[in-house]
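Morning, everyone. Let me put the structure up, and then we will walk through it.

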Amino acid sequence: MQINEVTQLDRDGDVAIVTIDSPPVNALSAAVRRGIADAFREAMDDAAVRAIVLMCAGRTFFAGADITEFGKPPVEPTLLQLQAIVEDSPKPVIAAIHGTALGGGLELALVAHARVAVPSAKLGLPEVKLGLLPGAGGTQRLPRVVGVARALDMMTIGDPITAEAAARIGLVDRVTEGDLKAAAVAFAREMIGAPLAKIRDRPVAVEPGQFAAFRATNAKRFRNLDAPEAIIRAVEEGASLPFDEALQNERALFRGLVSGPQSAALRHVFFAERQAAKVNGLAKDVATRGIGRVGVIGAGTMGGGIAMNFANAGIPVRLIETSQEALDRGLGIIRRNYETSARKGKLTAADVETRMGLIEGTLALEDVADCDLVIEAVFEQMAIKQDLFRRLDAIVRPDAILASNTSYLDLDAIAAVSSRPDRVIGLHFFSPANVMRLLEIVRGAKTADDVLATAMALGKTIGKVAVVVGNCHGFVGNRMLAKRHAQAEALVNEGALPWDVDRVIHDFGFGMGPFAMRDLVGLDVGWSREASSSSTVREILNETGRHGQKSGGGYYDYDAQRNATPSPVAEQIVRDFSARQGIARRVVSDGEILDRCLLAMVNEGAKILDEGIAQRASDIDTVWINGYGFPPYLGGPMFWADAQGLPVILEKLRALEAAHGEAFTPSPLIERLAADGKGLATA
Ligand code: NAD
């Protein structure tokens, strides 16, 4: 029987089967909730029905709430009302799970009287990733099933677990290798007549000091975040409340989060990432080409990591170097990386060999002749890259794609030396390239649509968050970063110390401040002793052999475990440098540090947007969150600026311009939007 547009009610003897089919992921929309409620009423009224199976058609069991309904007035039946109908059913209810039972989907499964799943199913409560808590009883029922410790882990990390793992901890009652519906119906039949056990009636066992210990252990991971603390409180406070009051308490905590700024930011981040996949001005049906083999030129820091991305996806790679020594070094680092993953249990020993087998090292550039895509990751010098592109022109097929991993250089100038500038594109990976999710895809003036579409598809294949950017010095990420660096350096010359700047940036929410970051990367990257002129603190540090973590010291001193302490030597260098520049050092407030570092970035971001280098403000946010450690719970630099209010940003920029000059001359876009009462998100 068709109950509504997404709900079907069938009978198999004395078992009713309620099936939801609401593509793509059976989100618990109003229509889905209404359909389940109506089907259950129908099944309960039918005297011939003695048990009920709840399942989904299509890709997956309910993969969560319908997040487009967030922040809107609730439509009945609410998920809580629906859960009451299911949980109070006088006939046993079995949830039959395939795909992913996530969030509200798992919370709905938890009011069934038993759960059966296929081995490939995954179960989890990922709400924390959107700055929320499981608000439909998850914080109360999960601890009653898997224990408080496991429940806290699952809910504060948010990653799903496999059906096998779920079976081990009692979250599913049975895993079936066979047909899910048949197994669920058989299970339902076994339960007819048995007492109906509800999870809510189980006790919850709390050990003394358990919550305090959990908070302490995870303090770093939960830094600045609202949702994990609310989750802990829901469990902690709920444990000593009657169940219905505990649900109300959970609800109140949920409401606090859903109307708070962090969840708004994290939901923005979620949608921004999906939006980034859309390329303006690209025909929908533009053909992408298969990438069967990739050439990577240069086996240094970036080339090696880039090659790993393709090997991980099963795509064979030819890795080219200029000397056997460099090639051996590069391949050795790749192998060590894989072996480290294997030691951590993320890969098997066989996986390591399979992946290494996909990366073929060679010294002959001609060996990329049969590659569909060639990515260069050689030294960051225009002449070297142009020379390479000229040579590649004579080697690769006319339809092959030629890509540069350049950080700053003019992509069009590189493309110009090629006879096929339309097949040239920028693929800007981030270090470490096998780990970082961001991929800036640089669209050159002549890049063809199919080349761009292929690059976007490839980004997805290798698990990257790809963002299309235009050609300019430093593209989106590095162009903004350079502005922040300039302010960080100026602040230190004027009176702040490197660790003051780092502390303020860290407290804002970045994992690391700019100077600690430089020490990590190495102060000598891009520096040469011959060209050094003692004209920056960084140059002087390099001249004195302080290259950062790897040399035991840079801005900071490092012990054998690489723990940092502020370096008195670096401090003296900073003070001497100011004196030589004739700068009278002054007290620089934390507020000034934050404003100058962030507003320099925001202002540059607005210029990037105005110039069309970024397609939309949310793309800039996606770049900064996935490539530069901007705290996701603040939504990215553009979202953050809008949240402050552009009139506030504009006023501060004007004051900073008066004090520090043109670095802060407001972007015309900010002036226009502020005057119109709009935000960067509307640009
Ligand atoms: P690297 O010095 O570690 O590696 C460059 C490698 O290229 C060296 O091993 C060198 O032997 C090899 N090489 C030079 N010329 C070659 C040629 N003609 N043929 C074959 N191999 C050649 O440098 P890197 O850090 O990997 O940077 C490479 C590129 O990636 C640069 O354009 C850089 O701007 C860009 N990039 C670097 C980072 C980073 O954080 N290191 C991040 C993004 C992009």
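I will go from domains to cores, then to a helix, a loop residue and the ligand.

One thing up front: this is a predicted model. Keep that in mind throughout.

Domains, then. The assignment gives three: domain 1 covers 2-258, domain 2 covers 294-474 and domain 3 covers 496-580. Between the C-alpha centres of domain 1 and domain 2, the distance is 44 Å.

Now the packing. In soluble globular proteins, nonpolar side chains tend to be buried together. Here, the largest nonpolar core has 88 residues. Which residues have the most contacts inside it? Val501, Trp624 and Leu680. Helix α23, residues 590-610, supplies the largest share of this core, with 10 residues. And where does this core sit relative to domain 2 and domain 3? Both domains give residues to it, so the core lies between them. Apart from this core there is another one, of 87 residues. Ile20, Ile36, Ala51 and Leu257 are among its members.

Back to Leu680 for a second. Skip its neighbours within four places in sequence. Leu680 is then in contact with Ala606, Leu609 and Ala617. The list goes on with Met638, Ala641, Asp642 and Leu646. Leu669, Ile670 and Leu673 complete the contacts of Leu680.

Ala606 comes up again with Ser667. Ser667 sits in the loop between α26 (646-660) and α27 (668-675). Buried or exposed? Ser667 is buried, at a relative accessible area of 0%. Not counting residues up to four places away in sequence, Ser667 touches Asn603, Ala606 and Lys607.

Next, helix α2, residues 79-87. Its buried residues are Leu79, Leu82, Gln83, Val86 and Glu87. They span an arc of only 130° around the axis, so they are on the same side of α2. What covers them? The cover includes α1 (30-45), β5 (93-97), α3 (104-109) and α4 (138-146).

Last stop, the ligand. There are 19 residues around it. Met302, Glu321, Glu380, Lys385 and Ser407 come nearest. Let me give you three polar distances, each to an oxygen atom of the ligand. A polar side-chain atom of Lys385 is at 2.6 Å. For Met302, a backbone N or O atom is at 2.7 Å. For Thr301, a polar backbone atom is at 2.9 Å.

That is the tour. Over to you for questions.

Note on methods: Residues numbered from 1 in each chain as written. Predicted model: local features only at pLDDT ≥ 70, side-chain atom pairs only at ≥ 80, totals over all residues. Heavy atoms only, no water. Buried < 20%, exposed > 50% of the residue type's maximum accessible area, 1.4 Å probe, protein only. Helix = DSSP H or I, 4+ residues; strand = E, 2+ residues; numbered from the N terminus. Arc of directions from axis to C-beta. Contact = heavy atoms within 4.5 Å. Core = buried A, V, L, I, M, F, W, Y, C linked by side-chain atoms within 4.5 Å. Domains from an automatic or database assignment. Near = heavy atom within 4 Å. Polar contact = N/O pair within 3.5 Å; in protein donor to acceptor, adjacent residues only side chain to side chain.
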